[in-house]
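Colleague: I'd like to learn how to read a model like this one. Could you walk me through it, feature by feature?

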Amino acid sequence: MSSAAILLLRPTSATTHQLRHVSSASPKPHFLRLNPSRRRLPVPRLSLTPTAAGTNSPPSPPPLAAQTAPAPLPSLFSKWSPPSAIWRGLSALLLAGQVFHRVLTGRVHRRNLLAQLRRVGPGSAGVALLTATFVGMAFTIQFVREFTRLGLHRSVGGVLALALARELSPVVTAVVVAGRVGSAFAAELGTMQVSEQTDTLRVLGAHPVDYLVVPRVLACVLALPVLTLISFALGLASSAFLADSVFGVSVSIILESARRALRPWDLISSLLKSQVFGAIIAVVSCAWGVTTHGGAKGVGESTTSAVVVSLVGIFVADFALSCLFFQGAGDSLKYAMG
């Protein structure tokens, strides 16, 4: 046998590879060599995705959440939210109840009340009086000429006094206050709400309703009747001045007719209307302010909406109170004609 011998080991099965041992005269390292003529055995691979039925790899199990949590059932009111007018109206009613309870229990911040009284009363007097003056003169132009042609110039003062006392003075004064004061209330409280100043008051131990809302409501309820009386007096004076200087009806005739036509209940009903209007303005404006959200845009929308809702509430309340107060009235002009 030669110095180089080759020993071939052949596998007994057909699926194994040949193993070849090579030796030479000089010592060389032994190694295993795979025969390239044979194919490699397939190596199974694991798949993380579920496979179709009939393959060798098993499907992966479903997640645990899918096994335990049932599919959510669609709810009828899952995406429904009440309109803003509904929940703001409910908040206004709730706020009115809180204010009434705090007034009865004496929880009133007196310093803020005086500040709001100066703001609602003297601060709004100029605009209210100027409006009442021109409303009275415009009303005089509409009535004096027609009554004079019919020979009823002695009843002009009574008609003007009744119209101003029962309807024009309280309604016009309330409209002016709603546009000037109510918008300011809604804007101030809305700005405090979106800037989280109301939360700061709670942290400091002051309740926002006691510190912010109650003084504003009381100021409107107390100051609006005074403004209404002054507006009535100035409106009647301007009417008498215009009737005397333009249409020739004496001031004494107008004032005497107004004295005979007016009854104490006419002025009392005017004051009661003013108090109701003041409460509506303050409660609506404060409720719309404290429910503001959405930044500067939300403050503007709340201010506009508060004024509109206040005006609608004033007119609705005026109709209801007029039906309540003056159902049996009907003899005032007879007394005015003497």
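Colleague: Let's start with one residue: in which helix does Arg216 lie?

Modeller: Arg216 lies in helix H7. Helices here are DSSP runs of H or I with at least four residues, strands are runs of E with at least two, and both are numbered from the N terminus. Before we go on, this is a predicted model, where local features need pLDDT of at least 70 and side-chain atom pairs count only at pLDDT 80 or more, while totals for chains, interfaces and linings use all residues. Residues are numbered from 1 along each chain as its sequence is written, and side-chain values use heavy atoms, with hydrogens and water left out.

Colleague: Is Arg216 buried or exposed?

Modeller: The general idea is that buried means under 20% relative accessible area, exposed means over 50%, and partly exposed is in between, with a 1.4 Å probe and protein chains only. Arg216 has 7% relative accessibility, so it counts as buried.

Colleague: What does the side chain of Arg216 make a polar contact with?

Modeller: A polar contact is a pair of N or O atoms within 3.5 Å; within protein, one must be able to donate a hydrogen and the other to accept it, and residues adjacent in sequence count only if both atoms are side-chain atoms. Here the partner is the side chain of Glu188, at 2.8 Å. For plain contacts, the test is heavy atoms within 4.5 Å. Leaving out residues up to four places away in sequence, Arg216 touches Gln116, Arg119, Phe185, Glu188, Leu189, Ala282 and Cys286.

Colleague: Now the interior: how many residues does the largest nonpolar core have?

Modeller: A nonpolar core is a set of buried Ala, Val, Leu, Ile, Met, Phe, Trp, Tyr and Cys residues joined through side-chain atoms within 4.5 Å. The largest one has 39 residues, and Val120, Val213, Val217 and Phe277 have the most contacts inside it. At least two residues of this core come from each of H2, helix H3 (110-120), H5, H7, helix H9 (264-290) and helix H10 (295-325). H7 supplies the largest share, 12 residues. Another core, of 18 residues, lies apart from that one, and Val159, Phe232, Val249 and Ala261 are among its members.

Colleague: Which residues is Phe277 in contact with?

Modeller: Setting aside neighbours within four places in sequence, Phe277 is in contact with Pro170, Val171, Ala174, Leu224, Ile314, Ala317 and Asp318. Ser274 touches Pro170 and Leu224 too, along with Pro225 and Thr228, again not counting residues up to four places away.

Colleague: Where is Ser274, and what does its side chain pair with?

Modeller: Ser274 is in helix H9. Its relative accessible area is 0%, so Ser274 is buried. The side chain of Ser274 makes a polar contact with the side chain of Thr228, at 2.7 Å.

Colleague: And Leu272, buried or partly exposed?

Modeller: Leu272, also found in helix H9, is partly exposed, with a relative accessible area of 32%. Beyond residues up to four places away in sequence, Leu272 touches Trp265 and Phe325. Leu272 and Leu321 are 49 residues apart along the chain, with 9.0 Å between their C-alpha atoms.

Colleague: What about empty space: how many cavities of 30 Å³ or more are there?

Modeller: On a 1 Å grid over the protein atoms alone, a cavity is a set of points where a 1.4 Å probe fits but cannot get out, and a pocket is an open set with protein on both sides within 12 Å along at least five of seven lines; lining residues have an atom within 4 Å of a point. Grid points are joined across faces, edges and corners, and a volume is the space filled by probe spheres set on the points. The count is one cavity, holding about 30 Å³. Its lining is Ala132, Val135, Gly136, Leu164, Leu168, Ser169 and Val172. Helix H4 (122-149) and helix H5 (156-194) are the elements giving two or more residues to that lining.

Colleague: Which residues line the largest pocket?

Modeller: They are Leu95, Gln98, Leu189, Gln193, Thr198, Arg202, His207, Pro208, Val209, Leu212, Val213 and Val290. The largest pocket has about 190 Å³ of space, and H7 gives the most to its lining, with four residues.
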